[in-house]
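User: I am new to this structure and would like to learn how to read it. Could we start with the cysteine links, then turn to burial, contacts and rings?

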Amino acid sequence: MKRSLLISWAVAGLVVAGTGISAAAPGGVYDVKDYGAKGNGSANDSSAVDKAITAANAAGGGTVRFPSGTYKSANTVHLKSNVTIQLDAGATITGSGADTYDKPESNPWDDYQDYGHSHFHNAMFAGDKLTNIGFTGAGTIDGGGNLITGNPKSGEADKILSLTRCDGLTLSGIKLRRGGHFAALVNGCKNVVSDHLTIDTAGDRDGWNIISTTNVTITNAAIAANDDALVFKSDYALGAKLPNGNVTVTGAKLSAVCCNALMFGSETCGDFTGYRFSDISITGAHKSGLGIVSMDGAKISDVHYRNITMSGTYSPVMMKIGTRKRCGNNPGVGSISGITFDNVTGTHTGSNFSPTIWGADSGHRVSDVTFTGVKLTVPGGNGTAGTGVPSNDATDYNPKSIGTRPSYGWYLHYAAGIRFVDSSVDFGKDDGRPASIVNNSSDITFDHFTAEKGSKSPYDIGFQSVTGYCVRDSALRVNATGSTSDC
């Protein structure tokens, strides 16, 4: 027997009886079960979801509601403008291993980024050039272990949510888990808002990749990833070098099993400016806790970190300018400048990647960076070592791309205008290396900086070919070669 859907008299003033696909006024609620969804965990509900989305969009917009239940989705769901997906508490959308998702589209700019970044159709939910869309509620979208972490074959999906060139995206309240390569990937979007989003891809790969996107506000996110947790990138997948910025992230809890917790890059084609990160807890990253790399010509500036705590990171802070240049239109060498760190604490475990600032060369230095109240504890445990410049792979962004640093704490190479104020570095085990070494740099200040002294270390801070260094209000032993002081 066909059902009727009662539309609120206040909104529509009528009852529409029909074929099970009921009309609704703009702003109405469209229950997927009214469009044929079973919610029993075994029937494929993708078609019913698409029908509900189409109906809401045709009426000028509305909310597509998933009441409590398990909704199997074996096909790509095609999002439309002015439609919000609402997942009630107890509602779960699960992925499928039937290999019936949309195949990846061709992309003439494939060579400029990894496969997963170049293709967008092969996802559980996909949309392009949409406005005013959202995922809200208290339910879950779970890939179910069926999404691919590498390069998928035709019919396989490698991400839960894929959005390109959107304007107005809300991601709040819901949980994304087992997302394959990405739980969420957005590229070329603007006006993104997220509150209390939870992502669990600790057994898969990335949490949330925000690529070539502007005007973003993220509050109270909890992201546990295997690869990168919350990462800001800019690639050439859309055939252009696009801007990034005006981003605020507050109250986040992040972890990454193998890789980076809060990261810029490695895809860094378009410029980044205007980022504020505050009140963030990082509880693991086997690469960088806080990473900023410019590998493909991007200028990264006006980035600010405040009230950050880190534990279990292999490299608490990593800043590097590389020369991979994987971007269209012959990019030059990028830059990193105008960065501040305030009230940042970190404990550092595992591989001994000293906190690092590394410019590309004397003409492309990391510049204008201030650390205030930044207190790091590193593993230590090394003996004395040579103080020469370590090896470097300029096309690799990982902390391991630079050889063992000759300092247990900060190592600076091709840097300018760097200031440490009321900051410190300590080790877990006695270390024979200096606490910090600065090489081929200029205008470097250590003001009220403290460091644990190794029992066999030759000195505490070393300056090598540095123009204008200053160590102020400190009892640390200083060694300077080919350098000038401006205190």
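Analyst: Begin with one link: the torsion about the S-S bond of C166 and C189 is about 120°, so this disulfide is right-handed. The two ends sit in distant parts of the chain, 23 residues apart. C166 is in the loop between β13 (159–164) and β14 (167–172), and C189 is in the loop between β16 (182–187) and β17 (190–195). Strands here are DSSP runs of E with at least two residues, helices are runs of H or I with at least four, and both are numbered from the N terminus.
This is a predicted model, where local features need pLDDT of at least 70 and side-chain atom pairs count only at pLDDT 80 or more, while totals for chains, interfaces and linings use all residues. Residues are numbered from 1 along each chain as its sequence is written, and side-chain values use heavy atoms, with hydrogens and water left out.

User: What is a disulfide, and how many does the count come to?

Analyst: A disulfide is a covalent bond between the sulfur atoms of two cysteines. The rule here is a pair of cysteine sulfur atoms within 2.5 Å. The count comes to four disulfides. In C166 and C189, the sulfur atoms are 2.2 Å apart. With the bonded cysteines numbered in sequence order, the pairing reads 1-2, 3-4, 5-6, 7-8.

User: Are C166 and C189 buried or exposed?

Analyst: Use relative accessible area: buried is under 20%, exposed is over 50%, and partly exposed is in between (1.4 Å probe, protein chains only). C166 has 2%, so C166 is buried. C189 has 3% and is buried too.

User: Which way does the link of C258 and C259 turn?

Analyst: The torsion about its S-S bond is -80°, and the link is left-handed. The sulfur atoms of C258 and C259 lie 2.3 Å apart. C258 is partly exposed at 32%, whereas C259 is buried at 4%.

User: Where do C470 and C487 lie?

Analyst: Take the bond before the places: their sulfur atoms are 1.9 Å apart. The pair links distant parts of the chain, 17 residues apart: C470 is in strand β36 (residues 461–472), and C487 is in the segment after β38 (484–485). The S-S torsion is about 110°, so the disulfide of C470 and C487 is right-handed. C470 is buried at 1%, but C487 is exposed at 58%.

User: Which residues is Q464 in contact with?

Analyst: Contact means heavy atoms within 4.5 Å. Leaving aside neighbours within four places in sequence, the partners of Q464 include T387, I437, Y459 and S483. Q464 lies in strand β36 and is buried, at 12%. A polar atom of the Q464 side chain is 2.9 Å from the backbone oxygen of T387.

User: How many aromatic pairs does a search of the whole structure find?

Analyst: A pair of aromatic rings is described by the distance of the centres and the angle of the planes. Rings of Phe, Tyr and Trp (its six-membered ring) pair if their centres lie within 6.5 Å; planes under 30 degrees apart are stacked, over 60 edge-to-face, and the rest tilted. The search finds 25 aromatic pairs. One of them joins F264 and F277, with centres 6.0 Å apart and planes at 75°, so the pair is edge-to-face. F264 is in strand β25 (residues 262–268) and F277 in strand β26 (residues 272–294), so the pair ties together parts 13 residues apart in sequence. F264 is buried at 1%, and F277 is buried at 1%.

Key:
A polar contact is a pair of N or O atoms within 3.5 Å; within protein, one must be able to donate a hydrogen and the other to accept it, and residues adjacent in sequence count only if both atoms are side-chain atoms.
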